[in-house]
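Student: I have a structure open and want to reason through its fold. Can we take it piece by piece?

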Amino acid sequence: MKIVSIFNQKGGVGKTTTNINLAAYIALQGHKVLVIDIDPQGNSSSGLGVDKDNIENTTYELLVGETDINDTVISLENIENLKIIPSNMNLAGADLELSYMENRESILKTKLGLLEESFDFIIIDCPPSLGLLTINALTASDSVLIPMQCEYYALEGISQLVKTIQKVKKGLNKNLEIEG
């Protein structure tokens, strides 16, 4: 199983579009794929056809310990082999709640170890921020895919992003690599 976070702290660079298209393509090739929407905007969820306002168990309930990971995985009707752990605006307050929890940086990694179903790929759509949601995603991941626009300010932010990845690699996940 390979776990890839799609991350850039800059918004509007195509994280969610990359996530949806990459996950769908890999699933259409016959691989079992799980998308984890860890962005409170929940655009990967709605983009994959989930009614994010009418779901009971989301990434929020998973991370704060209100539900089991296996109860958060939703099968998608339109693409075989593709499932999602959806998100919605409830996740916006999770950074604060997680800050009081023990091992707060590795909650997602621990929860992924409890999955009953096996996947070939897990692709995580990260928010455009450097908070605990993103740190959890990076701690759980094998690699990071960084979508970006070819413009000055996007390039300026990459140095900060690389420093963040290096800090996570040094302190929380020594195996984390930049995928591309």
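Tutor: We will go through the sheet, the helices, the cores and two single residues of this predicted model.

Student: In what order do the 7 strands stand in the open sheet?
Tutor: The pairing in this sheet is mixed. Strands β2 and β4 pair in the parallel sense over 4 bridges, whereas β3 and β4 run antiparallel. The full order is β3-β4-β2-β5-β1-β6-β7.

Student: Which strands stand at the edges?
Tutor: An edge strand here has a single partner strand, so one side is left without a neighbour in the sheet. At one end, 2 bridges join β3 to β4. At the other, β6 and β7 pair in the parallel sense over 2 bridges. The edge strands are β3 and β7.

Student: Which residue in β7 stands opposite Ser143?
Tutor: β6 covers residues 143-145, and its pairing with β7 is parallel. The residue opposite Ser143 is Glu177.

Student: Which residue of β5 is the bridge partner of Asp37?
Tutor: β2 and β5 pair in the parallel sense over 5 bridges. On the other pairing, 5 bridges join β1 to β5, also parallel, and there Ile6 stands opposite Asp125. For Asp37, too, the bridge partner in β5 is Asp125.

Student: Are the residues on the two faces of β4 buried or exposed?
Tutor: Take the faces in turn. Leu82 and Ile84 lie on one side, Lys83 and Ile85 on the other. Leu82 is also the bridge partner of Val33, and Ser75 stands opposite Lys83. Both faces are covered, and these four residues are all buried.

Student: Which residue in the hairpin of β3 and β4 takes a positive phi?
Tutor: The hairpin has 6 residues between its strands. The phi in question is near 75 degrees. The residue is Asn81.

Student: What angle does the direction of α1 make with that of β5?
Tutor: Helix α1, residues 15-28, packs on the sheet. It touches β1, β2, β4, β5 and β6. The angle with β5 is about 165 degrees.

Student: How far apart are the end C-alpha atoms of α7, and why does that agree with its length?
Tutor: α7 has 20 residues. At 1.5 Å a residue, the expected span is 28 Å, which agrees with the model. The end C-alpha atoms are 30 Å apart.

Student: Which elements do the buried residues of α7 pack against?
Tutor: Start with the buried set: Ala154, Gly157, Ile158, Leu161, Thr164, Ile165 and Val168. One packing partner, α6, is itself mostly covered, with 9 of its 9 residues buried. The elements packed against are α6, β6 and β7.

Student: Which element gives the most residues to the largest nonpolar core?
Tutor: That core has 36 residues, and those with the most contacts inside it include Ile38, Leu108 and Ile124. Elements giving two or more residues include β2, β5, α6 and α7. With 6 residues, the top contributor is α6.

Student: How many residues are in the second, separate core?
Tutor: In soluble globular proteins, nonpolar side chains tend to be buried together. Here the second core includes Val4, Ala23, Leu48 and Ile55. Its count is 17 residues.

Student: Is Asn8 buried or exposed?
Tutor: Asn8 lies in the loop between β1 and α1. Beyond its sequence neighbours, its contacts include Val13, Pro127, Ile146 and Leu161. A polar atom of its side chain lies 3.0 Å from the backbone nitrogen of Lys10. Its relative accessible area is 2%, under the 20% cut-off, so Asn8 is buried.

Student: What relative accessible area does Gln160 have?
Tutor: Gln160 is found in helix α7. Leaving out residues up to four places away in sequence, Gln160 touches Gln9 and Leu130. Gln160 is partly exposed, and the value is 42%.

Student: How far apart in space are Gln160 and Leu114?
Tutor: In sequence, Gln160 and Leu114 are 46 residues apart. In space, C-alpha to C-alpha, the distance is 33 Å.

How values were computed. Residues are numbered from 1 along each chain as its sequence is written. This is a predicted model: local features need pLDDT of at least 70, side-chain atom pairs count only at pLDDT 80 or more; totals for chains, interfaces and linings use all residues. Side-chain values use heavy atoms; hydrogens and water are left out. A nonpolar core is a set of buried Ala, Val, Leu, Ile, Met, Phe, Trp, Tyr and Cys residues joined through side-chain atoms within 4.5 Å. Buried means under 20% relative accessible area, exposed over 50%, partly exposed in between (1.4 Å probe, protein chains only). The expected span of a helix is 1.5 Å times one less than its number of residues. Contact means heavy atoms within 4.5 Å. Two strands pair if DSSP finds at least two bridges between them. Axes are lines fitted to C-alpha atoms, for helices over the stretch in contact, and angles run from 0 to 180 degrees between N-to-C directions. A polar contact is a pair of N or O atoms within 3.5 Å; within protein, one must be able to donate a hydrogen and the other to accept it, and residues adjacent in sequence count only if both atoms are side-chain atoms.
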